[in-house]
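Subject: The structure we talked about

Hi there,

Here is the structure I promised to pass on. Please open it alongside this note, and follow along as you read.

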Amino acid sequence: QIVLGIESSCDETAAAVLAADGRILSELVLSQIADHAPWGGVVPEIAARAHLAALPELAREALRQAGVGYANLGAIAATAGPGLIGGLLVGTGFAKGAAIAAGRPYIAINHLEAHALTARLPGLSAAQPQFPYLLLLLSGGHSQCVVVEGVGRYHKLGTTLDDAVGEAFDKTAKLLGLPYPGGPALEALAREGDAHAYPLPRPLLHRPGCDFSFSGLKTAVAQLAAAQGTTALPRPLAANIAASFQAAVTDILADRLANAFARRPDVSAVIIAGGVAANTAIRTRLDTLCAAQGKTLIAPPLRLCTDNAVMVAWAGVERLRAGLTDPLTAPCKPRWPLEDLARDMVR
Ligand code: ATP
Ligand code: MG
Ligand code: FE
């Protein structure tokens, strides 16, 4: 059964078509970064309007590239939450319309579940990871450590107590005078700096549990930058701050992941997802930790780490196989914790 997937929960409009075996027949992503850059962050209403303008043609093109029509689809899957309500309404409204036109089921996808199940996409890792495995979601909107027990079954081990990790990168980058989105720019600058230059705080380090906290780190950087007394930091100094910040985040993430392994020794693999998973320093460190503990780190190619529709279509394939489709009355949920999915299934 061929599945069309639609993603519109934040600032990417995406459509993808997958064969029943998970083969990617087409995948398209339109980033709205340029639309939001002047405001230094995602503006919800601008995002919704951009999704509305782009999605119909994007979906048509995805079907064209896949060589299929609506009549060939087995189901239409769309992200129904969590995310910005305007974009969710556009994406799910479109998907429901397509489901009516095709006479095929609609599937409401939880965006976090889509990130979590990406690891099982055929061909992504040497062997498809078996449940349970860990999801370390590191994006601009989410920082979570979750045990993936099965399709629709998740157990959250920890989450951020304040900023998401990508948000911390973006805010710190802004303090250093880097352009939005700051994560990639900060990583590039950090390469020129000394990670030991400043002993920045590492909130919650060596404490039990898998929760994260980044706001103290960000505040420390703000104070450090302010103490320099100039508006524009000299580049070598900014590079040292960037490298020290990145080292602190890396230490925090490794510490939390080690705690997750201690709590759930039965997991054999970890998948990292979210834009921050693109960070080489973080990837390398987590890879080393996993290798030392006999775990497999699954780091999908970047285009499947950040928001995309392949993961939505794949979650649709998995749900369709499990007989989990949704009525056309299914709502969008701006807030939709993964742990609610199990309850939704027995409903
Ligand atoms: P969500 O998917 O949670 O709704 P989002 O769209 O903001 O949120 P992504 O698109 O997955 O999340 O990731 C974007 C985030 O990743 C931004 O905060 C960005 O700064 C960060 N990021 C991207 N590349 C890097 C990098 N190389 N190093 C650190 N952070 C990065
Ligand atoms: Mg994004
Ligand atoms: Fe995401």
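Below is what turned up, starting with the overall picture and then moving to the ligand, the helices and a few backbone details.

Please keep in mind that this is a predicted model. The secondary structure of the protein comes to twelve helices and ten strands. Along the principal axes, its C-alpha atoms fill a box of roughly 65 × 45 × 35 Å. For 347 residues, a compact globule would have a radius of gyration near 20 Å, and the protein agrees with that because its own value is 20 Å.

**Around the ligand**

A good place to begin is ligand 1, which is surrounded by 22 residues. The closest are Gly-140, Gly-141, Gly-166, Gly-183 and Gly-275. Two elements, α5 (165-175) and α6 (182-190), each give two or more residues to this shell. Of these, α6 gives the most, with four residues. By class, the shell around ligand 1 holds six nonpolar, twelve polar and four charged residues.

**How α5 meets α6**

These helices also pack against each other, at an angle of about 65° and with their axes 8 Å apart. That angle is why α5 counts as roughly perpendicular to α6. The crossing of the pair is left-handed. On the α5 side, the contact uses Gly-166, Phe-169, Asp-170, Thr-172, Ala-173 and Lys-174, and on the α6 side Gly-182, Gly-183, Ala-185 and Leu-186. Those residues divide into four nonpolar, four polar and two charged. If you click on Gly-166 and Gly-183, you will find both of them in this helix contact and also among the closest residues to ligand 1.

**From α6 to α8, and on to α9**

α6 has another partner in helix α8 (residues 235-263): their axes come within 8 Å and cross at roughly 110°. So α6 is roughly perpendicular to α8. Here Leu-186, Glu-187, Leu-189 and Ala-190 of α6 meet Ala-238, Ala-239, Ala-242, Ala-243 and Gln-246 of α8. This contact has seven nonpolar residues, one polar and one charged. Leu-186 is worth selecting, as it takes part in the contact with α5 and in the one with α8.

α8 in turn packs with helix α9 (residues 280-292), at an angle of about 30° and with the axes 10 Å apart. The two are therefore roughly parallel to each other, and their crossing is right-handed. In α8 the residues involved are Gln-246, Thr-250, Leu-253, Ala-254, Leu-257 and Ala-258, while α9 brings Ala-281, Ile-282, Arg-285, Leu-286 and Leu-289. Eight of these residues are nonpolar, two are polar and one is charged. Gln-246 appears in the contact of α8 with α6 and again in the contact with α9.

**Backbone details**

Most peptide bonds are trans, and most residues other than glycine have a negative phi. Against that background, three spots are worth a look:

- The peptide bond from Gly-81 to Pro-82 is cis, with omega near -15°. Pro-82 sits in the loop between β4 (73-81) and α3 (85-102).
- Tyr-180 and Pro-181 are also joined by a cis peptide bond, with omega about -5°. You will find Pro-181 in the loop between α5 and α6.
- Leu-204 is not a glycine, yet has a positive phi of about 70°. Its place is in the loop between α6 and α7 (215-227).

Happy browsing, and do write back with any questions.

Best wishes

Notes. Residues are numbered from 1 along each chain as its sequence is written. Chains are lettered from A and ligands numbered from 1 in the order in which they are written. This is a predicted model: local features need pLDDT of at least 70, side-chain atom pairs count only at pLDDT 80 or more; totals for chains, interfaces and linings use all residues. A residue is near a molecule or strand if its C-beta atom, placed from the backbone, lies within 6 Å of it. Ala, Val, Leu, Ile, Met, Phe, Trp, Tyr, Cys and Pro count as nonpolar, Asp, Glu, Lys and Arg as charged, and the others, Gly among them, as polar. Axes are lines fitted to C-alpha atoms, for helices over the stretch in contact, and angles run from 0 to 180 degrees between N-to-C directions. Angles under 35 degrees count as roughly parallel, over 145 as roughly antiparallel, 65 to 115 as roughly perpendicular and the rest as oblique. A crossing is left-handed if the near helix is turned anticlockwise from the far one by less than a right angle, and right-handed if clockwise. Two residues are in contact if their C-beta atoms, placed from the backbone, lie within 7 Å. The radius of gyration is taken over C-alpha atoms; the globule rule is 2.2 Å times the number of residues to the power 0.38.
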